[in-house]
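Q: Could you take me on a close look at the helices in this chain and show me which of their residues are tucked away? A little background on the whole chain first would help me get my bearings.

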Amino acid sequence: MRGSPKIRTLEALAPVLARARSRNKRIVLCHGVFDLLHLGHIRYFENARKLGDILVVTVTADRYVNKGPMRPAFTEEMRAEAVAALDCVDHVAINQWPMAVEAIKKLKPHYYVKGAEYKDAAKDHTKGITMEEEAIKSVGGKIAFTQDITFSASHLIKRYLPVFTKEVSEYLAGFASRYVSDEVLGYLKGAGKLKVLAIGEAIIDDYRYCEAIGKSSKEPMLAVRHLTAEKFNGGILAVGNHAANFCAQTGLVTFLGDRDSQEDFIVDNLNAKIRRHFLRRKNSPTIVKRRYIEQYFFTKLIEVYEMNSNALDPEEDKELCRVLKAEIPRYDVVIVVDFGHGMLSDKAVKIICDKSKFLAVNAQTNADNLGYQTIGRYPRADYIAMAEKEFRLEARDRRGDLRKIVLEAIKGIKCDRIIATRGKFGCLAYDKKAGFFEVPALAGQVVDRMGAGDAFLSVTAPCVAQKAPLEVVGFIGNAVGAQAVATVGNRSAIEPVALFKNIESLMK
């Protein structure tokens, strides 16, 4: 690493500090992201230095920075080098854990110092300050808080190193003037009191990474070399995983195949808190959607479906309807993602619409059901969230004004709150009382868009159930979408702490 000799690994630094302690030197530790070094940080370090003889600063590694898209603005090496340039700092290390607990235990400082904003532990979403206080006490040290001028690095970065366009930055400033972060986060935290039931098809997303070799010499087709593979819980399984991270209780009703069920894999990768109702579909595999991907550019070459997309037989449908009648009344919120692969009959839809206290629906268009799938089969919903393309297909209008199309698409459906997701253009939200709202996209790097819509619905549905303003819902959903598209498929569910910190950062 280029830069100051002050920068060491934690392993190399530990014996150096041990020798200093043996000479009765008092060691002070500060820890943070320090993405944009500013006067607040400098005062923080100077005040911390007054508590001892040696000041050590640990810097959060890039992979653990949860401050939204395109953050950190500076790499861990650059941030460490900037901190090391300060005269008051004696040693710098990059911390290889999400919090400072391990660093405290390795370095055994006499004081662990944080800024005044961390004094109220209840405001720390990670609960890290509580664990860090326990860690410093376990090594015989004390926690201390500085009292001096504070700045928001997120605010300064947005102002001087903007990651968004001028239009998005202006929207965020206006949004922050209309709402406060505690209010926005309150709806996400309020989901912790709700019981949510997810209904829909279980899908295994199978990614096969390849390297293009070239055109076959004997056939007009592309030849590829298989490299690696990974698979994830997709479909309603992913919806359940997202919801379970936020809600008090999550239930799941779905079908697995009676052959090639992949039940062990599904259970191993399903949140343990989910109450599962796995029904069995005769003479069928669990649905697998296999995507072949050119690894270097992450270009999807072809998709292969393994499934039976015929309607359920009468006995299977009867069993599903029985389970729905028994389970739906147990839950505050029902989320239906109808992938159109034959699971949900008209009888099942009627039970869902009649029995649900709060119903959120997405009727999804895909290669198997294009032109046949319709949201119109749901006569009632409390919240509909679908992609713009799905609304346009519903209205049979490819180029018309989206606002008119949304209203046309829901004719005959009793639903007052609707969101059309629009990818890089954000989302269009409609509330029957408040009208339309446009919320811009908040994504930085887009790795994979697959599953982003399901994540959007999973997290926003409980917010709508709490009567959150629909502009707030769209903002939360786009923040969720930004997190979802930054990873491959459904490799990981939306994490509350990362989302909370992202939203706070966006609103500074």
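**Helices and their hidden sides**

A: Let's start from the outside: the chain has an accessible surface of about 23500 Å², and carbon and sulfur atoms own 50% of it. Keep in mind that what you're looking at is a predicted model. Of the 508 residues in the chain, 53% are buried. For a chain of 508 residues, a compact globule would have a radius of gyration near 23 Å, and the 26 Å found here agrees with that. If you lay a ruler along the principal axes, the C-alpha trace spans about 80 × 60 × 45 Å.

What is the chain built from? It holds 17 helices and 18 strands. Count up the contacts with a separation of 6 or more, and 75% of them join residues 24 or more positions apart. As for charge, there are 76 positive and 62 negative ones, and their mean positions sit 3 Å apart.

Now for the helices. One idea is handy before we zoom in: an α-helix makes a turn every 3.6 residues, so residues three or four places apart point the same way.

Take α14, which covers residues 402-409. Its buried residues are Leu 402, Ile 405, Val 406 and Ala 409. Look down the axis and these buried residues of α14 stay within an arc of 100°, so they line one face of the helix. What does that face meet? The buried residues of α14 pack against helix α13 (388-395) and two strands, β16 (417-421) and β17 (427-431).

Next comes α3, at residues 76-84, where Glu 76, Arg 79, Ala 80, Val 83 and Ala 84 are buried. Around the axis they take up an arc of only 135°, which puts them on the same side of α3. Notice that Glu 76 and Arg 79 are on this buried list too, and that both belong to residue types that count as charged. The partners here are α2 (39-49), β2 (54-60) and β3 (91-95), which the buried residues of α3 pack against.

So what about α2, one of those partners? Its buried residues are Gly 40, His 41, Tyr 44, Phe 45, Asn 47 and Ala 48. Viewed down the axis of α2, they fall within an arc of 165°, so they too line one face of their helix.

Let's go down to single residues. Gly 474 belongs to helix α16 (residues 470-484). Is Gly 474 buried or exposed? Its relative accessible area is 0%, so it is buried, the cut-off being under 20%. Leaving out residues up to four places away in sequence, Gly 474 touches Ile 419, Cys 427, Val 439 and Phe 456. Some of those numbers may ring a bell: strand β16 runs over 417-421 and strand β17 over 427-431. There's also a long jump in sequence here: Phe 175 is 299 residues from Gly 474, yet the C-alpha atoms are 11 Å apart.

Val 323 makes a good second example, and its home is helix α11 (residues 314-327). With a relative accessible area of 5%, Val 323 is buried. Not counting residues up to four places away in sequence, Val 323 is in touch with Val 253, His 277 and Leu 279. Ser 138, on the other hand, is 185 residues from Val 323 along the sequence, and 51 Å separates their C-alpha atoms.

Finally, peek at some loops beside helices. Most residues other than glycine have a negative phi. Lys 108, in the loop between α4 (101-107) and β4 (111-114), has a positive phi, near 50°. Lys 108 is partly exposed, at 38% relative accessible area. Asp 260 has a positive phi as well, near 45°, and lies in the loop between β9 (249-259) and α10 (263-268). Asp 260 counts as exposed, with 54% relative accessibility. Ala 443 is in the loop between β18 (435-439) and α15 (452-465), and is partly exposed at 31%. Between the C-alpha atoms of Ala 443 and Asn 478 there are 7.7 Å, although the two are 35 residues apart along the chain.

Technical notes: Residues numbered from 1 in each chain as written. Predicted model: local features only at pLDDT ≥ 70, side-chain atom pairs only at ≥ 80, totals over all residues. Heavy atoms only, no water. Buried < 20%, exposed > 50% of the residue type's maximum accessible area, 1.4 Å probe, protein only. Helix = DSSP H or I, 4+ residues; strand = E, 2+ residues; numbered from the N terminus. Arc of directions from axis to C-beta. Contact = heavy atoms within 4.5 Å. Rg over C-alpha atoms; globule rule 2.2 N^0.38 Å. Areas by Shrake-Rupley, 256 points an atom, 1.4 Å probe, with all protein chains shown as cover. Charge placed at Lys NZ, Arg CZ, Asp CG, Glu CD.
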